[in-house]
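Biologist: I am new to this one. Please show me how to read its features in turn.

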Amino acid sequence: MSSLEEDANPYDLLDIKTEATDQEIRTAYRQRSLKVHPDRNPNNPDAARKFHELTQAYELLLDPLRRLALDAKLRLKQARAERYKAYDTKRKNLLEELEERERAFKKARVEKQKEEVVRWQETERIKEDGRKLREQREQELKRRQEEAEAAAMSTAQDEDEPPALDPLDTTVRIKFTVKTHPELTSAAAIGSLLSQFGPTDSDSIVLSLKASKKSSAEDKKPKYGTALVPFKQIGDAFAAVCASGRPERKLEGVEITWVGGKEPQILGWLKKMGKLGGQAEGTSGQPPPAQPSHGPSTSDGQKASLFKGQSQPHSSGACAFSSFPSTFPDLSKPPPSASPAANVPGMDYESLTLMRLRQAERERLEREIRQSEEEEQ
């Protein structure tokens, strides 16, 4: 019977509760025995064993002492099972926590490895970008050096090249008062006065005579005069500008300036190249140094074509106020007047267009002179 108590629970064999009465035990035994009796289950080899275990459980439960011992043993077993269950729960929680920590550790290690890989890739990328940037800077520096060298070579080559000539580089502007120079009331008189420096384009001289704003309505005589005088050569125009206001040249009270308000670029180039001597006698107070004689370079076709061989300025006045090279450009061609040139046979389109542009520029300057005189008065 001990094997039954150890192996199987009698209450479970009879399918009853621990609080069942003796009558309930007998009823359960009769019902269960009928199902497992060997006579009713001849083909079941375990029928005899099951019937024997059922009978032992029935006899044990009907014995009060043995039932008390069985109940105590079952209660102890249940308490032990409950205690083990609590232990199992705690162990299970600890195991789950340990597994969770292990998973977190593995996850952190994987993330750390990923971060290291990303950091390494970023470092390699930065190195590659730095290498490319260094190469770009080296190429840029090399390119700049090459450009600087090319610019230096080009500058050295272009130092001997004269600047482009403007059609108005030979035109000067004169201002005077009619009271001081009453004879300067016509373009011919102005051309005659300035002819001492060289030939002028008399047909293209623009003269403007204005009366003072304070004059009465009856007295409208001109008080001020302004004129634009184009010379044949820029050297003659330079001599006239240098002689501005000189009494010995009959220019007292006559202001002569460049029509553009600044010195032509060709003069600065000549000074830089040493082909233009000192300033005018009227400016420095000393006689000009001996003028250098520079001929056109035979190896430079453009320079030779720009500086045509010609004699020294046409009058002693030009020599007295400036030292120009004998090869100074001759701007007397084409003629500044557009109307006669239009009928000249053989005149090409380019020359005709240039003359028309010069005429339009003179008209614009004349309008500006008149506006400035009106504002001054």
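**Strands, rings and confidence**

Modeller: Start with a pair of strands: strand 1 and strand 3 (residues 224–230) run antiparallel and are joined by 7 bridges. This is a predicted model, in which local features need pLDDT of at least 70 and side-chain atom pairs count only at pLDDT 80 or more, while totals for chains, interfaces and linings use all residues. Residues are numbered from 1 along each chain as its sequence is written, and side-chain values use heavy atoms, with hydrogens and water left out.

Biologist: When do two strands count as paired?

Modeller: DSSP must find at least two bridges between them. Helices (H or I, at least four residues) and strands (E, at least two) are DSSP runs, numbered from the N terminus. Here, T171 has P230 in strand 3 as its bridge partner. Strand 1 is also joined to strand 4 (residues 255–258), antiparallel, by 4 bridges; the partner of K175 in strand 4 is E255.

Biologist: How many residues of strand 1 are buried?

Modeller: Buried means under 20% relative accessible area, exposed over 50%, and partly exposed in between (1.4 Å probe, protein chains only). Strand 1 spans residues 171–177, and 5 of its 7 residues are buried. For the protein chain of 377 residues, the buried share is 30%. Its secondary structure consists of 13 helices and 4 strands.

Biologist: What describes a pair of aromatic rings?

Modeller: The distance of the centres and the angle of the planes describe such a pair. Rings of Phe, Tyr and Trp (its six-membered ring) pair if their centres lie within 6.5 Å; planes under 30 degrees apart count as stacked, over 60 as edge-to-face and the rest as tilted. The whole structure has 1 aromatic pair. Y29 and Y58 are stacked, with 4.2 Å centre to centre and 20° between the planes. Y29 belongs to helix 3 (residues 22–36) and Y58 to helix 4 (residues 47–62), so the pair ties together parts 29 residues apart in sequence. Both Y29 and Y58 are buried.

Biologist: What is the mean pLDDT of the protein chain?

Modeller: pLDDT is the predictor's confidence in each residue, from 0 to 100. The mean for the protein chain is 75, and 73% of its residues reach 70 or more. Over residues 278–323 the pLDDT is below 50, and this stretch has 98 contacts in the model beyond near neighbours in sequence. A contact means heavy atoms within 4.5 Å. Residues 329–347 also stay under 50, with 35 contacts beyond four places in sequence.
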